[in-house]
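Thanks for coming. I will go through one structure this morning, starting with how far to trust it and ending with its charged pairs.

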Amino acid sequence: MAALEKVSEIRTLEYKLRTHVGPKSFRRGVLMSVLQENAKSIPLWIGKSAESPPPLCGAIGPSPNVPADPGDHVAALVPEPDVVAAACNLSEGCILAEVVSYNPDKEIYEVEDVDAEEGKMRYSLCRSKVIPLPKWKANPITNPEAIFKKGVTVLALYPQTTCFYKAIVDEIPTHVHDEYSLYFEDSSYPEGYAPAIRIPQRYVIHCPDKEAMTSKHLERSKRRSK
């Protein structure tokens with residue numbers, strides 16, 4: 001309960017900062033700190049004996065019948081004009097966004113890009129384009145089924161950015177406070193992957209089978225980090 005209250009406090013603080021100083025003044029350093037705190041404060045799932053972990057616990061996906069709530073952070077597949085211009089066709093990037101609303105009849109989300117320094121962008125996206133983030137941290141000892149396996153391809157939030165990017169699981173968490181070790185795809189390296197980086201469970205999610213999740217999006221991630 002204390003962990004859930006802390007999450008609520010962080011979200012309230014983030015909202016107050018944005019509404020008082022305005023989105024363009026919500027500097028990246030503050031945003032990155034808030035995201036780090038969100039990752040640290042995600043509550044640990046502790047179930048009863050033989051109880052299965054719930055949806056959005058670690059690697060467990062969302063319930064197909066329960067949409068994300070307004071204010072929830074999600075990974076959103078959105079059109080990328082810069083990639084479209086380069087490739088001459090529609091492509092997508094995966095960004096960290098906040099749910100504004102959900103229309104259950106049309107199954108359409110309205111989400112907002114959390115990266116305030118680039119200006120608040122809103123998108124109307126079908127449900128398949130929105131991936132809710134984990135709300136519970138999985139215990140690797142008691143619930144290994146809620147941990148992504150070594151060698152699996154995932155989407156993960158690239159450090160100091162608000163973009164998700166394809167990565168390969170190098171090492172899995174072995175204790176509740178451990179993070180994943182991931183190899184992010186990066187064409188600037190001869191092997192095609194950057195050196196392993198530690199990423200918390202909060203920002204490691206299932207990777208849709210889409211060609212859009214390519215190394216081009218790391219370039220966008222790096223631009224958003226400047």
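**Confidence first**

Over residues 211-218 the pLDDT stays under 50, and for this stretch the model has 27 contacts beyond four places in sequence. This is a predicted model, so I start there: where pLDDT is low, the predicted coordinates should not be read in detail. For the chain, the mean pLDDT is 81, and 73% of the residues reach 70 or more. Residues 19-25 also have pLDDT below 50, with eight contacts in the model beyond near neighbours in sequence.

**Layout**

The chain has 226 residues, of which 46% count as buried. It contains four helices and 10 strands. Reading from the N terminus, the order of elements is α-α-β-α-β-β-β-β-β-β-β-β-β-α. Take the contacts between residues at least 6 apart in sequence: 60% of them join residues at least 24 apart.

**The five-stranded sheet**

One open sheet has five strands, in the order S9-S8-S7-S6-S10, and the pairing is antiparallel. Its edges are S9 and S10, the latter covering 204-206, and each of these pairs on one side only. Direction ignored, neighbouring strands in this sheet are turned by 55° against each other on average.

As a reminder, strands of a sheet pair through backbone hydrogen bonds, either parallel or antiparallel. Here S6 and S7 run antiparallel and are joined by five bridges.

Which residue of S7 is the bridge partner of threonine 153? The partner is isoleucine 168. Threonine 153 itself sits in strand S6. With a relative accessibility of 32%, threonine 153 counts as partly exposed. Beyond four places in sequence, threonine 153 touches Lys166, Ala167, Ile168 and Cys207. For alanine 167, the C-alpha to C-alpha distance from threonine 153 is 5.7 Å, across a separation of 14 residues in sequence.

**The nonpolar cores**

The largest nonpolar core has 34 residues, and Phe164, Leu182, Phe184 and Val204 have the most contacts inside it. At least two residues of this core come from each of H2, S1, S2 (92-103), S6, S7, S8 (180-184) and S10.

Leucine 182 shows what this looks like from one position. Setting aside neighbours within four places in sequence, its contacts include Val154, Ala156, Ala167, Ile168 and Val169, and also Pro195, Ala196, Ile197, Ile199 and Val204. Asp170 is in contact with leucine 182 as well, and that aspartate comes back in a moment.

Apart from the largest core lies another, of 14 residues, including Ala76, Val99, Val111 and Leu125.

**Charged pairs**

Side chains of opposite charge can pair when their charged atoms come close. How many salt bridges does the structure hold? There are seven, and I will take three of them.

In one, lysine 135 and aspartate 72 meet through their side chains, with N and O 3.0 Å apart. Lysine 135 is in the loop between S5 (130-132) and S6 (153-157), while aspartate 72 is in the loop between H2 (28-41) and S1 (73-79), so the bridge ties together parts 63 residues apart in sequence. The two ends differ in burial: lysine 135 is partly exposed at 31% relative accessible area, whereas aspartate 72 is buried at 6%.

Another pairs lysine 150 with aspartate 170, where the closest N and O atoms are 3.7 Å apart. Lysine 150 belongs to the loop between S5 and S6 and aspartate 170 to S7 (residues 164-171), so to speak distant parts of the chain, 20 residues apart. Lysine 150 is exposed, with a relative accessible area of 60%, and aspartate 170 is buried, with 14%.

The last of my three joins arginine 198 to glutamate 171, with a closest N to O distance of 3.1 Å. Arginine 198 is in S9 (residues 197-199) and glutamate 171 in S7, so this bridge ties together parts 27 residues apart in sequence. Both partners are partly exposed: arginine 198 at 47% relative accessibility, and glutamate 171 at 39%. Finally, salt bridges with shared partners join Asp69, Asp72 and Lys135 into one network.

That is where I stop.

Definitions and conventions: Residues numbered from 1 in each chain as written. Predicted model: local features only at pLDDT ≥ 70, side-chain atom pairs only at ≥ 80, totals over all residues. Heavy atoms only, no water. Salt bridge = Lys/Arg side-chain N within 4 Å of Asp/Glu carboxyl O. Buried < 20%, exposed > 50% of the residue type's maximum accessible area, 1.4 Å probe, protein only. Pairing = 2+ DSSP bridges. Axes fitted to C-alpha atoms, helices over the stretch in contact; angles between N-to-C directions. Core = buried A, V, L, I, M, F, W, Y, C linked by side-chain atoms within 4.5 Å. Contact = heavy atoms within 4.5 Å. pLDDT = per-residue confidence, 0-100.
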